[in-house]
Amino acid sequence: MNDVHDLTLILKSRFPIVVIETHEEPRAQALLERIANLEQWPLWTWSVTQGLKRFMVSDSAVYDTKELAAALRNIEASTTLGLYVLMDADPFLSDPVNLRLIKEIAQGYHRVARTVVLVGHKIELPADLKRMSASFSLSMPGADQVRKLLREEVQLWQQSNVGTKLKGDPQAASMLVQHLVGMSQDDARRLLRQSIRDDGMVTMADIERVLKIKHQSMADTGMLDLELDCGS
């Protein structure tokens with residue numbers, strides 16, 4: 001799956017609202033920044049702490065827009081096309097004023113192509129906004145991507161431990177990669193880093209720990225629990 005291609009296709013499909021449900025906010029933000037640069041689209045971001053501002057442009061924060069309603073009124077009044085990314089706006093979507101403002105921005109898309117991108121863990125939209133929206137999910141890393149993450153973490157470990165060779169069981173390293181396939185990129189990197197930095201080696205003990213964490217993660221999200229035996 002090519003996230004840049006797939007999300008660009010959605011953004012070019014003239015949906016005025018795009019929903020990205022994810023725990024990996026920095027990754028989503030980096031993806032949107034890359035697309036905006038490639039397509040030469042202005043990119044604005046909003047958060048409750050920063051207000052509305054032009055992404056990566058210093059002194060671009062819009063005064064008194066930390067409240068979502070104020071930011072949405074500013075976007076609605078703007079004639080600047082582009083992407084308007086709202087970070088963690090979901091707690092404020094129960095307010096009918098905010099919902100109405102988003103609806104008015106979406107209804108004005110034919111006049112000014114302003115795409116509202118909602119980024120957060122869980123985003124619930126009412127039916128009238130959902131019909132004007134498209135959803136996008138960040139891809140989960142495959143085996144090749146996890147191996148790349150492993151190489152990066154090995155290089156970082158070696159830079160911090162000059163003269164010390166990383167040890168471990170090649171079979172355990174291969175199994176570790178396979179068991180991390182399907183987890184988020186951030187979680188996979190975190191578990192790889194922990195496996196390496198605990199003792200400077202990758203062993204079957206790391207596999208057991210990863211399986212426990214993966215099992216718990218699946219249970220927390222209501223997914224089917226799988227009992228996997230990696231040996232001892």
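**A mixed sheet and the helices around it**

In this predicted model, helix H2 (residues 25-39) lies across strands S1, S2, S4, S5 and S6, and runs at about 175° to S4. Helix H3 can be described in a similar way: H3 lies across S2, S3, S4 and S5, and its direction is also at about 175° to S4.

The sheet itself is a good place to continue. It is an open sheet formed by 6 strands, and reading across it gives the order S3-S2-S4-S5-S1-S6, with mixed pairing. Which strands sit at the edges? They are S3 and strand S6 (133-136), each of which pairs on one side only. On average, neighbouring strands of this sheet are turned by 20° against each other, if direction is ignored.

Strand S2 helps to show what mixed pairing looks like in practice. With S4, strand S2 (residues 43-47) pairs in the parallel sense over 4 bridges. Thr45 illustrates this pairing, as its bridge partner in S4 is Val85. With S3, in contrast, S2 pairs in the antiparallel sense, again over 4 bridges. Here Ser47 can serve as the example: its bridge partner in S3 is Gly51. The link from S2 to S3 is a hairpin, which joins the two strands through 3 residues.

Is strand S2 enclosed or open to its surroundings? The count of buried residues gives the answer: 5 of the 5 residues of S2 are buried, so the strand is largely enclosed by the rest of the structure. For this count, a residue is buried when its relative accessible area is under 20%. The burial involves both faces of S2, with Leu43, Thr45 and Ser47 on one side, and Trp44 and Trp46 on the other.

Helix H4 (residues 96-107) offers a different kind of pattern. Its 12 residues reach 16 Å from the first C-alpha to the last, close to the 16 Å expected at 1.5 Å a residue. The buried residues of H4 are Asn98, Leu99, Leu101, Ile102, Ile105 and Ala106. Seen down the axis of H4, these buried residues fall within an arc of 160°, so they line one face of the helix. What do they pack against? Their partners are strand S1 (17-21), helix H3 (68-77), strand S5 (114-120) and helix H5 (127-130). The start of H4 has a detail of its own: a side-chain oxygen of Asp95 comes to within 2.8 Å of the backbone nitrogen of Val97.

Finally, two aspartates in loops deserve a look for their backbone angles. Asp64 has a positive phi of about 60°, although Asp64 is not a glycine. This residue is found in the loop between strand S3 (51-54) and H3. Asp88 likewise has a positive phi, of about 55°, without being a glycine, and Asp88 lies in the loop between strand S4 (82-87) and H4. How accessible are these residues? Asp64 is exposed, with a relative accessible area of 59%, while Asp88 is partly exposed, with a relative accessible area of 41%.

Terms used: Residues are numbered from 1 along each chain as its sequence is written. This is a predicted model: local features need pLDDT of at least 70, side-chain atom pairs count only at pLDDT 80 or more; totals for chains, interfaces and linings use all residues. Side-chain values use heavy atoms; hydrogens and water are left out. The expected span of a helix is 1.5 Å times one less than its number of residues. Buried means under 20% relative accessible area, exposed over 50%, partly exposed in between (1.4 Å probe, protein chains only). The arc is that of the directions from the helix axis to the C-beta atoms. Contact means heavy atoms within 4.5 Å. A polar contact is a pair of N or O atoms within 3.5 Å; within protein, one must be able to donate a hydrogen and the other to accept it, and residues adjacent in sequence count only if both atoms are side-chain atoms. Two strands pair if DSSP finds at least two bridges between them. Axes are lines fitted to C-alpha atoms, for helices over the stretch in contact, and angles run from 0 to 180 degrees between N-to-C directions.
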